[in-house]
Structures are given as structure tokens and as C-alpha cells.
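Let's walk through this one together, starting at the place where two chains meet and working outward from there.

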Amino acid sequence: MKVDQLALILEGALLASEHPLNIKSLMKMFSESDKVNEQDMHSALQVLSSDCKKHSYELCETSDGYRIQVCADLAPYMSRLWPERSRSYSPQFLEVLALIAYKQPITRADIEAIRGVPLSAYIMRVLNERKWISAVGQADVPGKPTLYGTTPEFLDYFNLPTLDDLPPLPNETDTKDTE
Amino acid sequence: MSKHLSDKAQSPAPIAVLHGQDIKTLPKNVYIPPSALKVLVTDFEGPLDLLLHFVRRANISILDLNLRELTEQYLAYVDMMKELQVEIASEYLVMAATLTEYKSRMLMPRQQVLEQDEEDPRTELARRLVEYEQTKAAAAVLDLIPRMDRDTHQAHAYRSVPKKDKALPEINMQQLFLAAKRVIKKIEQKEFHGVLVKRLSVPERIEIFMAQLRASKDFITFNKLCDKLNGRSGVVVSVVALTEMLKNRLIEVIQLTTYGEIRVRARPAPVKDTRS
């Protein structure tokens, strides 16, 4: 099968799907007679990715697989159509999420110690409801508090293939000089 | 608003210009509704955020912070909140106590501090402030990452699935007919129809049988003879009639085998004559 045709098939599948698809599920479309291997897949995805540049959408690799999404630079226009979708989060909410994302696994007590304020139950509930965080274990200290970490859904939502792709934090000296 | 108040203390710049004249002190009868201050308190995420604000305003590095000055500013802020009757979250009071403790430790002779191998309270506070500042930075960074629904949207093409259940409306039609049929049947069941009781007479039946038997002269099976036109009661009347005839020795009844055919014939007249 030609790469161009394969790229078209993959594009169709990703557009038809409501969720990201990984290589394994994309492979289900082909029988042995199609003679498609994973390497063909990757080169076709590359072709697809460069083909997307002519359009309003882009190919994005998330932790769950591949997804075709509308480019971020068009967001100002899109958000006018669905203002309810682009909700913003409070500074407290983002601080808690940032601590869990960057310092995972982390306990509630750790979060409270760093922020110097009690952790609101509401924030934890919203984070759980959005399935962005989950209990990943128990800390080996008295009371065995729950350790929290982020989920693949969190990575999907923030367009991150892996946790290592979290943007680096500005280091100490930088933060001191800003403002 | 707090920023406003504390700025006034630091800089001698006029706080307002009224009728071309600089006003350097706040009028004493200015009324600040306590509800306005509530907004102010929530402006800071907590005591660390407030301290960070003081450090930043003084434009010094966290590592060079002046603990005495910082503590005084902080306590002044908490006092102001108390004065304005704003409810102070407990964590602000905890921090006030911590800062006071740090300050008093700083006042102790340095020699002793070193001997006890204690950490410089400034280091401890600086560590916490740096850590919190980093958390704030991390939150800001996280907020900038293009996220779904705000910055990117899952692209989705309409996928037309050939519908196999196109026959569904037809089935519905049939079901409709069947349903209509059922309804009609129900209505029919509700119609009244009179039942007439047909009076059957045994003597009448006997006469009919006698006529039949005499005409054939041979055996007639019970099956053939029996009145089948009047249903169950017809059969009952036939049996009663035959029994009556048998009693009066008008007929002969024979059965060749068990459960076999029952045959009936008229008794010859002479026998009847001798009897009577």
C-alpha cells in the first residue's frame, strides 16, 4: 500500500473517532494481505502530519495515541462559538494541579505545607471528577496518606505525550528577577 | 486596597489630587466597608502569597530578605485586617506566630545559634517562599499550555453509517395493523349477543329415533344415530332417549368389543306385542 493512501486512511480513522487512537488500534483496520507494518504507519503519520499544515487542523500525539485537532492559533475564533467550553481555572486550582503534576507523587499534607493554606475539598473533587488526578499509592509515613499523581486524561487534555513533556519551570534566579 | 494603604506608608507621594491640591494623608472619616476588604483578602492565596507580595514590592531577592521588616509589615497587615473587622483565616495567624518566632530567634546571640546547630530562620522562610513562588510559576506555566476546549478542539468528521435498520418503519406499520386488529377484536368482544336456550325434548327424540330405526331395519351405530346438531345437550338428550327406549324394550343395543361400536336396532314388533 502506498504511503499516501495509508495516510488518507489514517486521517479518515482519526476524524471518524471521537477519542485519540493509538498505533495498535489503528492497525486493526488492516488485514495481513494489506502488508502494513508499524514502520509504514509511522511514515504515513508523518505524511499526514505534514499534509495537515495546509489545513486548520494538526496531528497531535497524546499519551493515549494520535488525535487530529483544530490548531491552537485559531482558538480565539473557536471560543466565540462555544464560550462555555473555554472555562478558566482559579489560581488556587492551578497551583494545586501544578503541584500534583510537577511534584507527583504528592500527599495532601505536602500540598498544604507548600501553599501554606488548607487544601480545599472542592478543588480535589473537581480534579477527581475531571479524572486529571488519581491516587497512585500511599506515602510511607505514619497515617499512610494517599499519594496523588496525574492521569493519561490530564496529559490528553493538556496536549502532552508524556509527563516529561511538561514545560520546564523557570528556575529560582529567573523568578527572582521577574517583576 | 491594602496595596494602596501600605504604599502610602512607604512613599511620600500624594495619594490623590483634589481641586489641584495634593492630599498626603487620608481623611480620617473615610469609611471603608468591611465587605470591600473581603475581596482584598481573597486576592492573596494565603500568607505565603502575601509575604511574597511584600518581598516583591520591596524589590529584593528572597534570599536577601529582611526578616524584621517583613515581620513588621506582615503584622501590620494582620492588625489592619483585625481593625477593619475582617475575618482572618487561621493560616494568617499561624504565619504571624511563626514570623514572630523567627524574629525572636534572630535576636538571640549568634554564637549560641551556631552552637545549637540551628538553621537560620531566614533560610527556612526563604526556602518556603522560593518553593511557593515556584508553585505559582508552575501554575502559570500550566495555564499557558494549550489545553483542549480552550485552545485546541478535537477535530471530528461526520461519519455516515449506512443504516441497516431501514426496514424499521415497515415493521412499525405491521405492528400498527396488528395493534389495530387487537383493538377491533377487543371492541367486538364488548358487543352483546343473546344466547337462546333451545328446548330439547326426550319424547320428541324417541320418536325421531324410532322412525329412523324402523326405516333402516338394520343396526345403526350410536355414532350415526346420535344428534350432533344440538351440541352437548343434544348428545345428552339422545342418550337419555335411547336409555328410555331400552327400558321400554323398544330397541336392542349391542356392543361387540369393549370400547367398540355401539349398535342399535328396533326390537321386532311381535316381541313387543307378547310383552304388552
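Find Lys103(A) and Glu131(B): their side chains form a salt bridge, with N and O 3.3 Å apart. Keep in mind as you look that this is a predicted model. The tally of salt bridges between chain B and chain A is 1. Polar contacts add to the picture, with 10 residue pairs between the two chains counted where both partners have pLDDT 80 or more.

So much for the pairs; now for the elements of chain B behind them. Helix H3 (47–57), helix H7 (121–144) and strand S3 (153–154) of chain B each put at least two residues on the side that touches chain A. The top contributor is H7(B), which brings 14 residues to that side. Sort the chain B side by class and you get 16 nonpolar, 9 polar and 13 charged residues.

Zoom out to the whole interface. Here 38 residues of chain B are in contact with 51 residues of chain A. Together the two chains bury about 3900 Å², and carbon and sulfur atoms account for 61% of that. If you're after the top three on the chain B side, pick Glu45(B), Leu142(B) and His153(B): they supply 17% of the area chain B buries against chain A, more than any other three residues.

The chains also pair up through strands. Strand S2 of chain A, residues 65–70, runs antiparallel to S3(B), and 2 bridges join them. Within that pairing, Gln69(A) sits opposite Gln154(B).

Now step back along chain B to Asp151(B), in the loop between H7 and S3. Is Asp151(B) buried or exposed? Its relative accessibility is 15%, and because the cut-off for buried is under 20%, Asp151(B) counts as buried. The company Asp151(B) keeps comes from both chains: leaving aside residues up to four places away in sequence, it touches Val70(A), Cys71(A), Ala72(A) and Ala75(A), along with Ile145(B) and Pro146(B). The side chain of Asp151(B) also makes a polar contact with the side chain of Arg150(B), at 2.9 Å.

Finally, a look at chain B as a whole. Chain B has 12 helices and 6 strands. Of its 276 residues, 30% are buried. As for how chain B folds back on itself, take the contacts between residues at least 6 apart in sequence: 57% of them join residues at least 24 apart.

How values were computed
Residues numbered from 1 in each chain as written. Chains lettered and ligands numbered in written order. Predicted model: local features only at pLDDT ≥ 70, side-chain atom pairs only at ≥ 80, totals over all residues. Heavy atoms only, no water. Contact = heavy atoms within 4.5 Å. Buried area = accessible area lost by both parts, 1.4 Å probe. Salt bridge = Lys/Arg side-chain N within 4 Å of Asp/Glu carboxyl O. Polar contact = N/O pair within 3.5 Å; in protein donor to acceptor, adjacent residues only side chain to side chain. Helix = DSSP H or I, 4+ residues; strand = E, 2+ residues; numbered from the N terminus. Nonpolar A, V, L, I, M, F, W, Y, C, P; charged D, E, K, R; others polar. Pairing = 2+ DSSP bridges. Buried < 20%, exposed > 50% of the residue type's maximum accessible area, 1.4 Å probe, protein only.
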